[in-house]
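User: I would like to learn how to read the features of a protein model step by step. Could we take them one at a time, with the general idea before the particular case?

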Amino acid sequence: MPAVYRVERQWDLNRENFDGRWLGCSRWFQRSKAGDLNLTEPSDVIEDTCYDISFLDQDTGLWDGSGLKFAPGGTARHPISSKIYNQSGHCWQFTGAGGQSSVQLTAGSKRFAHELNFFQGRSRSMLVLIWIEQDECWRLDAVCAVPFRCGRSTPAEPQRLTDGRPLQQQLAELTGWGGALESLTPGESGLPAAVGAAEPFALERFCRHGITAAFCDGLICSVPETLSTGAFTLEVGCRVAPECFQQLSLIYDEAQRLQRWERRRYQP
């Protein structure tokens, strides 16, 4: 059957990255009623989260989820296809990384949210970040980390070597690593642009904000607790293998509109 509705390489990368029965334990860190956000102890744990993503052919598939935080009854099913993929321009795909991002910080939109996934073999390390509008600014309200492993693969991918290690130690080990830089703009349908060599990894370029935290599966982020006015950059990364760290930078302009995603792959 001809691929009539292909959205070029972004759809293909979506299939390559996400095809799998992803099983994991969701750890939610939510702001308390008193206004505190504790990123060391989860406020809610969902042991049996499953994102079952299958493709019937090159252009159609099904997203079937359970153990979900916000869906009615904790479950949801959605057909997926290249015909409707990424019509809003909020999805992004690199080889081995992909997700969804709010492209504009807009008053009255209720949520400013991101889902970032880093892949290695048949593992998928997912971080969700959610800001909500409050008192004329946007405040980080929830973070979720999930160490997904594909239930269709044998043997399962191992746990990350970074689990349980102090954040500063994890970051210090990356210092000086060199890497490659790729860039993608919202709405792009092709492959990310290969920019060239990335600057060596440096703590000051990653740790931009007041919140710099480590989670399970090698996931790390540096993000502002509040977003008010002006330009900003969000930094999220994952040590997907002993000798590979992926860093995803989300760059917003003065109008607080997403300009591009930058992915760096660092190695010693």
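**Reading the model, feature by feature**

Analyst: Let us start with a charge over a ring, bearing in mind that this is a predicted model: Arg111 lies over the face of Phe70, at 4.4 Å from the ring centre. A second case is Arg15, whose charged end sits over the ring of Phe55, 5.5 Å from its centre.

User: How many aromatic pairs are there in the whole structure, and how are Phe18 and Phe119 arranged as a pair?

Analyst: To read a ring pair, one takes the distance between the ring centres and the angle between the planes, where an angle over 60 degrees counts as edge-to-face. A search of the whole structure finds 18 aromatic pairs. In one of them, Phe18 and Phe119 meet edge-to-face, with 5.1 Å from centre to centre and 85° between the planes. This pair links distant parts of the chain, since Phe18 belongs to helix H1 (residues 8-18) and Phe119 to strand E7 (residues 111-120), 101 residues apart. Phe18 and Phe119 are both buried. Elsewhere, ring pairs link Phe112, Trp131, Phe232 and Tyr252 into a cluster.

User: Which residues have the most contacts inside the largest nonpolar core?

Analyst: A nonpolar core is read as a set of buried nonpolar residues joined through their side-chain atoms. The largest one here has 39 residues, and those with the most contacts inside it are Phe112, Phe118, Leu127, Leu129, Trp131 and Phe215. Strand E15 (residues 232-241) contributes the largest share of this core, six residues. Apart from it lies another core, of 22 residues, which includes Tyr51, Phe119, Met126 and Val146. Returning to Phe112, its contacts, leaving aside neighbours within four places in sequence, include Leu129, Trp131, Trp138, Phe232, Leu234 and Tyr252.

User: In what order do the seven strands of the open sheet stand, and which strands are at its edges?

Analyst: One reads an open sheet by listing the strands in their order across it and then looking for those with a single partner. Here the order is E11-E10-E17-E16-E15-E13-E12, with antiparallel pairing. Strand E11 (193-198) and strand E12 (211-214) stand at the edges, and because each has a single partner strand, one side of each is left without a neighbour in the sheet. On average, neighbouring strands of this sheet are turned by 15° against each other, direction ignored. At the E12 edge, four bridges pair E12 with strand E13 (residues 219-223) in the antiparallel sense, and Ala214 has Ile220 in E13 as its bridge partner. Helix H2 (residues 167-174) lies across E12, E13, E15 and strand E16 (244-252), and runs at about 90° to E12.

User: Is Ile211 buried or exposed, and what does Ile211 touch?

Analyst: Burial is read from relative accessible area, and under 20% counts as buried. Ile211, whose place is in strand E12, therefore counts as buried at 12% relative accessibility. Not counting residues up to four places away in sequence, Ile211 touches Leu39, Leu140, Cys221, Ser222, Val223 and Glu225.

User: Which way do the side chains of E16 point, and with which strands does E16 form hairpins?

Analyst: In a regular strand the side chains alternate between the two faces of the sheet. From E16, Cys244, Gln246, Leu248, Leu250 and Tyr252 point one way, while Phe245, Gln247, Ser249 and Ile251 point the other way, and all are buried. E15 and E16 form a hairpin with two residues between them, and nine bridges join these antiparallel strands, with Cys238 having Gln246 as its bridge partner. E16 also forms a hairpin with E17, with five residues between them, and E16 and strand E17 (residues 258-267) pair in the antiparallel sense over eight bridges. On that side Gln246 stands opposite Arg265 in E17.

User: Where are Asp135 and Gln256 found, and is each of them buried or exposed?

Analyst: Both come up when one looks through the loops for a positive phi in a residue other than glycine. Asp135 has a positive phi of about 55° and is found in the loop between strand E8 (123-134) and strand E9 (137-150). Gln256, with phi near 60°, is found in the loop between E16 and E17. Asp135 is exposed, with a relative accessible area of 71%, whereas Gln256 is buried, with a relative accessible area of 10%.

Terms used. Residues are numbered from 1 along each chain as its sequence is written. This is a predicted model: local features need pLDDT of at least 70, side-chain atom pairs count only at pLDDT 80 or more; totals for chains, interfaces and linings use all residues. Side-chain values use heavy atoms; hydrogens and water are left out. A nonpolar core is a set of buried Ala, Val, Leu, Ile, Met, Phe, Trp, Tyr and Cys residues joined through side-chain atoms within 4.5 Å. Buried means under 20% relative accessible area, exposed over 50%, partly exposed in between (1.4 Å probe, protein chains only). Contact means heavy atoms within 4.5 Å. Two strands pair if DSSP finds at least two bridges between them. Axes are lines fitted to C-alpha atoms, for helices over the stretch in contact, and angles run from 0 to 180 degrees between N-to-C directions. Rings of Phe, Tyr and Trp (its six-membered ring) pair if their centres lie within 6.5 Å; planes under 30 degrees apart count as stacked, over 60 as edge-to-face and the rest as tilted. A charge sits over a ring if NZ of Lys or CZ of Arg is within 6 Å of the ring centre and within 35 degrees of the ring normal.
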